[in-house]
Amino acid sequence: MAHRRRPKLGQHFLHEKRYLSQIIDLADIVPDENVLEIGVGEGALTRRLLDAGAIVHGIEIDDALIPTLQKMEDEYEGFHLIHGDALEIDYAALPKKMKLVANLPYQVASAILSQLTEKIEQFPLMVLMVQREVGERLCAAPGGKDYGSLTLWVGYRYKARLCQVVPPGAFQPPPKVDSAIICLEAREEPQVKVGDENLYFRIIQAGFTHRRKTLFNNLKALNLYELKDTKNLSSNPEVLQDLLQRAGIDPGRRAETLDAYEFARIARDVESLAGNK
Ligand code: SAM
């Protein structure tokens, strides 16, 4: 295929067969099941998915690849090409339940993950090639530099597993960094129990704003409109002090040392305080 590859679009095509096979094995394709592939590229993974019996809904943004992929659509009854940007697609128009199997374009991988991991009913399993660093962030335990809001955001709904580190040489052209195959499996229940998910994630987001600052200093900037008159924590630091104390958390700790249960305790304490007012 005479196509000029565009690194700006993350066009590092996977050519090493054993990694393509590993992705197919991990996806455990059942004939005639729906699969979403983001970033079809030259179709190497797509063909493997189709040969395993999947019905593939493949998104590709690059106009230059479309004519060849349209020919592939004629060749395979089970292939449905979607020409567009994965960040703009209306996923509600796709089948209600499908596996997401993709070698993600790295420049938008975190944005795609943030968006699609909210849809666990639609995507109960994801098998993805991502930049190794992203894979390590998804699987990180509290206490390290990789652990952060993306870990907690995805971890709330999915169990993440880093299955395989993949070297640059497996791709054409090779990227500058290692990659990783990861599996995200939807949890039956969210990782932690909170009444208001939005509040839980706002606390996490605020906690990680400046990684070197303490939890107390980061959370001061959080607008807790749930608490009405004391919502502005920077002018009511005693409210924040009290909140962290009730949750049994030292205000001098950094967000990266807190696990999901501890963030959830803070969120539940805000909720109960709001209820008591
Ligand atoms: N699936 C192929 C493979 O495994 O060899 C190609 C993977 S390549 C890493 C990523 C593909 O995603 C490229 O073909 C690129 O053009 C496409 N892409 C980049 N940004 C995209 C976006 N926002 N929406 C849809 N496709 C995108």
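## A walk through the chain

Asn218 touches Ala206, Gly207, Phe208, Thr209, His210 and Lys213, leaving out residues up to four places away in sequence. This is a predicted model. Asn218 sits in helix H8, which covers residues 215-219. Is Asn218 buried or exposed? Its relative accessible area is 2%. Buried means under 20%, so Asn218 is buried.

Now step back to the whole chain. The chain has 277 residues, and 49% of them count as buried. Its secondary structure comes to 10 helices and 9 strands. The C-alpha trace spans about 65 × 35 × 30 Å along its principal axes. How do contacts link the chain along its sequence? Take the contacts between residues at least 6 apart in sequence: 67% of them join residues at least 24 apart.

Next, look for open space. Rolling a probe the size of a water molecule over the atoms shows where empty space is left. The largest pocket has a volume of about 500 Å³. Its lining is made of 34 residues, and the closest to its centre are Gly39, Val40, Gly41, Glu60 and Asn103. Several elements each supply at least two residues of this lining. Four are strands: S1 (13-14), S2 (34-38), S3 (55-60) and S8 (171-172). Helix H2 (44-51) does so too. What kinds of residue line the largest pocket? The lining divides into 18 nonpolar, 11 polar and 5 charged residues.

Turn to the interior. In soluble globular proteins, nonpolar side chains tend to be buried together. The largest nonpolar core here holds 64 residues. Which of them touch the most other members? They are Leu36, Ile38, Tyr91, Leu128, Tyr200 and Phe263. Helix H10, residues 260-276, gives this core its largest share, 8 residues. Another core lies apart from it and has 31 residues. Tyr19, Ala27, Ala54 and Val127 are among them.

Pick out Tyr91 from the largest core. Set aside its neighbours within four places in sequence. Tyr91 is then in contact with Leu36, Ile38, Ile59, Ala86, Gln115, Leu116, Lys119, Gln122 and Phe123.

Met72 is another residue to find. It belongs to helix H3, residues 66-75. Its relative accessibility is 3%, so Met72 counts as buried. What does Met72 touch, not counting residues up to four places away in sequence? The contacts are Gly43, Thr46, Arg47, Leu50 and Phe79. Asn34 makes a useful distance check. Met72 and Asn34 are 38 residues apart in sequence, and their C-alpha atoms are 17 Å apart in space.

Finish with the cysteines. A disulfide is a covalent bond between the sulfur atoms of two cysteines. How many disulfides are counted here? The count is 0. Cys139 is in no disulfide, and its nearest cysteine sulfur, that of Cys163, is 8.0 Å away. Cys139 has 31% relative accessibility, so it counts as partly exposed. Cys183 is also in no disulfide. For Cys183 the nearest cysteine sulfur is again that of Cys163, 3.6 Å away. The pair would have to lie within 2.5 Å to count as a disulfide. Cys183 has 4% relative accessibility, so it counts as buried.

Key: Residues are numbered from 1 along each chain as its sequence is written. This is a predicted model: local features need pLDDT of at least 70, side-chain atom pairs count only at pLDDT 80 or more; totals for chains, interfaces and linings use all residues. Side-chain values use heavy atoms; hydrogens and water are left out. On a 1 Å grid over the protein atoms alone, a cavity is a set of points where a 1.4 Å probe fits but cannot get out, and a pocket is an open set with protein on both sides within 12 Å along at least five of seven lines; lining residues have an atom within 4 Å of a point. Grid points are joined across faces, edges and corners, and a volume is the space filled by probe spheres set on the points. Ala, Val, Leu, Ile, Met, Phe, Trp, Tyr, Cys and Pro count as nonpolar, Asp, Glu, Lys and Arg as charged, and the others, Gly among them, as polar. A nonpolar core is a set of buried Ala, Val, Leu, Ile, Met, Phe, Trp, Tyr and Cys residues joined through side-chain atoms within 4.5 Å. Buried means under 20% relative accessible area, exposed over 50%, partly exposed in between (1.4 Å probe, protein chains only). Contact means heavy atoms within 4.5 Å.
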